[in-house]
Amino acid sequence: TMVFAHKTKDEAPTILLKAFAQAGHVPKILRTDSAAEYCTPSIDRILLDRGIDKQYSNPYEQHGNAKAETMVHAIGKGIRCQLLAANGPPEFWAFAAINFIDVYNRLPHASLGGKSPWEIEKKSTPNLSWFKPFGCRVTVYLGKDRVEHHKISPRGEPAVYLGLGFSKGMKGWLCYSPRLQRLFCTRNCIFDETFMPLRVHDQRIRSVRDPITRTQML
């Protein structure tokens, strides 16, 4: 089963071909809803050339595409849990979605005999040491890319961890600096996995249920 997020008409053919390449085979059936990006001549040509049968689920009847909708529901819950735990803004939802999928694919599943999707596809054990709590504090080493060009300026920039860069072809951690409004993908950083800087209080000192409103710490 392959699950696709909604894309524009121009992006959909490329995403579809990339999915086929990553899977190593093409499916016999492609079932989608009637979204405009799936009803284009370019998509029809891709399916026709590969002998793929095209099916549509009925409008407003998600149970007709149950496997995909179940996974979409799981991803939605994963996004909400991560954003709520980190007190992250809605703008981070795409990072939370990709992070959830990365974690999901590397966890064991009963339906796979206790193996992870990663093990089934890659034939190797996933390296879980890469994963950190979504939204935790990370200090990025700036080095020569420092903003304040001064000998005594800080060499580290406080940031928020937003997941891995593997899906973008980069082997590093994605770190967002609210101060600079800049996204880093780097391996030169230090994590504080006990601290969620976007929360309204320091949960290491006060309870997570602290009712007193405070400003953000980052």
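Modeller: Helices here are DSSP runs of H or I with at least four residues, and strands are E runs of at least two. The model is a predicted one. By that rule, the protein chain has five helices and seven strands.

Biologist: What pattern does the protein chain follow along the sequence?

Modeller: Read in order, the pattern is α-β-α-β-α-α-α-β-β-β-β-β.

Biologist: How much of the protein chain counts as buried?

Modeller: Buried means under 20% relative accessible area. Of the 218 residues, 34% count as buried.

Biologist: What share of the contacts join residues at least 24 apart?

Modeller: Take contacts between residues at least 6 apart in sequence. Of these, 48% join residues at least 24 apart.

Biologist: How do helix α3 and helix α4 cross?

Modeller: Helix α3 spans residues 66-86 and helix α4 spans residues 93-104. Their axes come within 8 Å and cross at roughly 115°. The crossing is right-handed.

Biologist: Which residues make that contact?

Modeller: From α3 come M71, A74, I75, G78, I79, Q82 and L83. From α4 come W93, A96, A97, N99, F100, I101 and Y104. By class, the contact has 11 nonpolar, three polar and no charged residues.

Biologist: Why is G78 of α3 classed as polar?

Modeller: The classes name the nonpolar and charged residues, and the others, Gly among them, count as polar. G78 is therefore polar by this rule.

Biologist: Why is R106 called buried?

Modeller: The cut-off is under 20%. R106 has a relative accessible area of 9%, so R106 is buried.

Biologist: Where is R106, and what does R106 contact?

Modeller: R106 sits in the loop between α4 and α5 (117-122). Beyond its neighbours within four places in sequence, R106 is in contact with S116, W118, P126, L128, F131 and F166.

Biologist: What makes D102 and R106 a salt bridge?

Modeller: The rule asks for a side-chain nitrogen of Lys or Arg within 4 Å of a carboxyl oxygen of Asp or Glu. For D102 and R106, the N to O distance is 3.9 Å. The pair therefore passes. D102 is buried too, because its relative accessible area is 9%.

Biologist: Why can such side chains pair?

Modeller: Side chains of opposite charge can pair when their charged atoms come close.

Biologist: How many salt bridges are there by this rule?

Modeller: The count is five. One of them joins D44 and K54, with the closest N and O atoms 2.7 Å apart. D44 is in helix α2 (residues 41-49) and K54 in strand β2 (residues 53-56), 10 residues apart.

Biologist: Why are D44 and K54 called partly exposed?

Modeller: Partly exposed lies between the 20% and 50% cut-offs. D44 has 35% and K54 has 23%, so both qualify.

Biologist: What does the salt bridge of E193 and K132 tie together?

Modeller: The closest N and O atoms of E193 and K132 are 3.4 Å apart. E193 lies in the segment after β7 (189-192) and K132 in the loop between α5 and β3 (137-141), so the bridge ties parts 61 residues apart in sequence. E193 counts as partly exposed, at 42% relative accessibility.

Biologist: How many disulfides does the structure hold?

Modeller: Zero.

Biologist: Why is C175 in no disulfide?

Modeller: A disulfide needs two cysteine sulfur atoms within 2.5 Å. The nearest cysteine sulfur to that of C175 belongs to C189, 4.5 Å away, so C175 fails the test. C175 counts as buried, at 0% relative accessibility. C39 is partly exposed, with 39%.

Methods:
Residues are numbered from 1 along each chain as its sequence is written. This is a predicted model: local features need pLDDT of at least 70, side-chain atom pairs count only at pLDDT 80 or more; totals for chains, interfaces and linings use all residues. Side-chain values use heavy atoms; hydrogens and water are left out. Axes are lines fitted to C-alpha atoms, for helices over the stretch in contact, and angles run from 0 to 180 degrees between N-to-C directions. A crossing is left-handed if the near helix is turned anticlockwise from the far one by less than a right angle, and right-handed if clockwise. Contact means heavy atoms within 4.5 Å. Buried means under 20% relative accessible area, exposed over 50%, partly exposed in between (1.4 Å probe, protein chains only).
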